[in-house]
Amino acid sequence: MCGIVGAIRANHNVVDFLTDGLERLEYRGYDSSGIAVSIDGKIKRVRRVGRVALMAQAAKEKNLFGRIGIGHTRWATHGGVTEPNAHPHISGGTVAVVHNGIIENFESERQRLQKIGYVFESQTDTEVIAHSVNHEYLQTGDLFTAVQAACKRFHGAFAIAVVAQDNTENMVVARMGCPLLVAFGEDETFIASDVSAVIAFTRHIAYLEDGDIALLSTKGIEKLIDKDGQVAERKVKISELSLASLELGPYSHFMQKEIHEQPRAIADTAEVFLEGGFEPENFGSNAREVFDDIHSIKILACGTSYYSALTAKYWLESIAKIPTDVEIASEYRYRDVIADPKQMVITISQSGETLDTMEALKYAKSLGHKHSLSICNVMESALPRESELVLYTRAGAEIGVASTKAFTTQLVVLFGLTVTLGKMRGHVSEEQEQHYTEELRQLPGSIQHVLNLEPQITIWAQKFASKQSALFLGRGIHYPIALEGALKLKEITYIHAEAYPAGELKHGPLALVDENMPVVVIAPNDMLLDKVKANMQEVGARGGELFVFTDLDSNFTEDEGVHVIRTPRHVGVLSPIVHTIPVQLLAYHAALARGTDVDKPRNLAKSVTVE
Ligand code: G6P
């Protein structure tokens, strides 16, 4: 969602960094953007609704220049998508602020500030930060203490960056619940909400912690105080994120690139288990004791990550024989829960900063769940930091809003966890372990074979492009893959798509089936295949057109109204991972045919940092 950048540069124009950084944050989802610089005793600002490129062009036309500045991509929450609501927000011409997150008590703060005489120009919660900091600044003349005093008033999760009209040397930043990092160049200091914004300029970064307030100059962090008001230091790390993972290369879209990167991403992620074995230590040095201390699992996640959790439930219960509950994080966090200290809470999140998942984890911990594990793709993000154990997926940066390689690599980690727990609990023999190792080793090759089916899937996608709705069916462990297929299609093509367990067909969705309703079936050769075939007959009898993804040995024949694409070989328990690829490709090519914005679908964001 919203993104923050900022810089103080001794020898360069900050505008170049600000616009480049914001373009790199575009993938997170936004609807307006803006930048502000402090120069010659003035704050100069450019804001635009729409793409960053429009705003960057306007900045160029205005010859915007400065050595210190901040920038923002906004995804509207409080107030519509308008220029006055776009950040940075300026108060009294004195201070400019960019902000991620939400100030929950903004209404009472707004009233307080209005009484003092501040006039609000936007409908945002952020404007209260600008006026509040300004009010303090006018009294103390010190930007750091002004931000410190203002932050004490705010409830909610936020990351902010502030510059002042009369100070071209320093910027003040604060973090409370939303990610923010400081990056160090030569005679220049950058800030960003996401490492991808700065990586083209420097790899030296320090992540701020919740409650931190920092004063920055071109030399780096001049002063930092933590949540207790104590002076603190934050470790500087060298980011390993590759710049190539942020560039399109020969591809037309990031989603296409990321679909095709899956053999590599899966191999990199599987390496943890192929090199290190199915050992608890892969999840943390104390994971053996933790895994010994649990008798069940609760997985909390949102969106695509929730579907990886649903898939894992089948593995965890059938292979590791460990009772597993899966729940949507935004639901869990608001209901009365019977907590169980021996139930490990797993959070799954590509970004590691989805607010609902984070709050659900905090809630679970507050209720007495003793153990937690995070499966995440972004190093040092909020969820792993809040968890006892962590295993990172090695998908590399995922830029397309619709998650692809993050999902399949999550599945690899969850499968590794299953075998690890199964071994520890005596349900996976040495022979089975070897078998699973071999399956995992062959998985990238199997995925590559499915990618080679792209031309056939593209032909199918043309048919979907003109449809209003589509139905996805699956059974057992392939039901979550049907859900993921429907989600991908609706996210990027805006075609209404629903998924059902095929056995539920006659309890409702069959009423929708006619010749205009394409029905996608995920039907590999497993114990439920005959059941799925019977369900398909029910569709065929009502004139529905079937599009079946199956594997080589499942004995399907093409017929009038039945189209079949076969994945090259049956891959046993890892079949859900392999069958994800065709539904991703189907959605991608249908979106291309419809001409939608594949990487930045309307109204959606990559990182959902608000409720
Ligand atoms: C957003 C993204 C999805 C993602 C979901 C959960 O909706 O567009 O791609 O699956 O958030 O995000 P997370 O980062 O927690 O996996």
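Two residues are in contact when heavy atoms of theirs lie within 4.5 Å. Keep that cut-off in mind for V412. Leaving out residues up to four places away in sequence, V412 touches I266, T269, A270, F273, L440, L443 and I577. The structure shown here is a predicted model.

Stay with V412 for a moment. This residue is found in helix 13, which covers residues 405-424. V412 is buried, because its relative accessible area is 0%, and buried means under 20%. Now look across to I299. V412 and I299 are 113 residues apart along the chain, and 16 Å separates their C-alpha atoms.

Next, move to T311. This residue belongs to helix 9, residues 303-318. T311 is buried too, with a relative accessible area of 0%. Where does the side chain of T311 reach? It reaches the backbone oxygen of Y307, at 2.8 Å. Neighbours within four places in sequence aside, T311 is in contact with L411, I477, P480, I481 and P576.

A record helps to place these residues. In an unreviewed entry, UniProt gives the feature "domain: SIS" at residues 287-427 and 460-601. Over residues 287-427, the chain is 45% helix and 19% strand. The end C-alpha atoms of that stretch are 18 Å apart.

Now turn to the ligand. It is surrounded by 13 residues. Which of them are the closest? They are S305, S349, Q350, S351 and T354. Some of the polar atoms can be followed one by one. A polar side-chain atom of S351 lies 2.6 Å from a ligand oxygen. The backbone also takes part. A polar backbone atom of Q350 is 2.7 Å from an oxygen atom of the ligand. For V401, a polar backbone atom is 3.1 Å from an oxygen atom of the ligand.

What about the nonpolar interior? In soluble globular proteins, nonpolar side chains tend to be buried together. In this model, the largest nonpolar core has 86 residues. Within this core, F291 and F472 touch the most other members. Helix 18, residues 575-594, supplies the largest share of this core, with 10 residues. F472 shows what such packing looks like. Setting aside neighbours within four places in sequence, its contacts include A482, L489, Y500 and V520. V583 and L586 are also among the contacts of F472. A second, separate core has 33 residues, including V5, M55, L181 and V195.

Last, look at strand 9, residues 181-185. Is this strand enclosed or open? Of its 5 residues, 4 are buried, so strand 9 is largely enclosed by the rest of the structure. Strand 9 has partners as well. It runs antiparallel to strand 10, residues 188-192, and 5 bridges join the two. In this pairing, F184 stands opposite T189 of strand 10. The two strands form a hairpin with 2 residues between them. In the turn, D187 has a positive phi of about 55°. Strand 9 also pairs with strand 11, residues 204-207. Here 3 bridges join the strands, and they too run antiparallel. A183 of strand 9 stands opposite I205 in strand 11.

How values were computed:
Residues are numbered from 1 along each chain as its sequence is written. This is a predicted model: local features need pLDDT of at least 70, side-chain atom pairs count only at pLDDT 80 or more; totals for chains, interfaces and linings use all residues. Side-chain values use heavy atoms; hydrogens and water are left out. UniProt positions are given in the numbering used here, feature names are shortened, and annotations may be inferred rather than shown by experiment. Buried means under 20% relative accessible area, exposed over 50%, partly exposed in between (1.4 Å probe, protein chains only). Two strands pair if DSSP finds at least two bridges between them. A nonpolar core is a set of buried Ala, Val, Leu, Ile, Met, Phe, Trp, Tyr and Cys residues joined through side-chain atoms within 4.5 Å. A residue is near a molecule or strand if one of its heavy atoms lies within 4 Å of it. A polar contact is a pair of N or O atoms within 3.5 Å; within protein, one must be able to donate a hydrogen and the other to accept it, and residues adjacent in sequence count only if both atoms are side-chain atoms.
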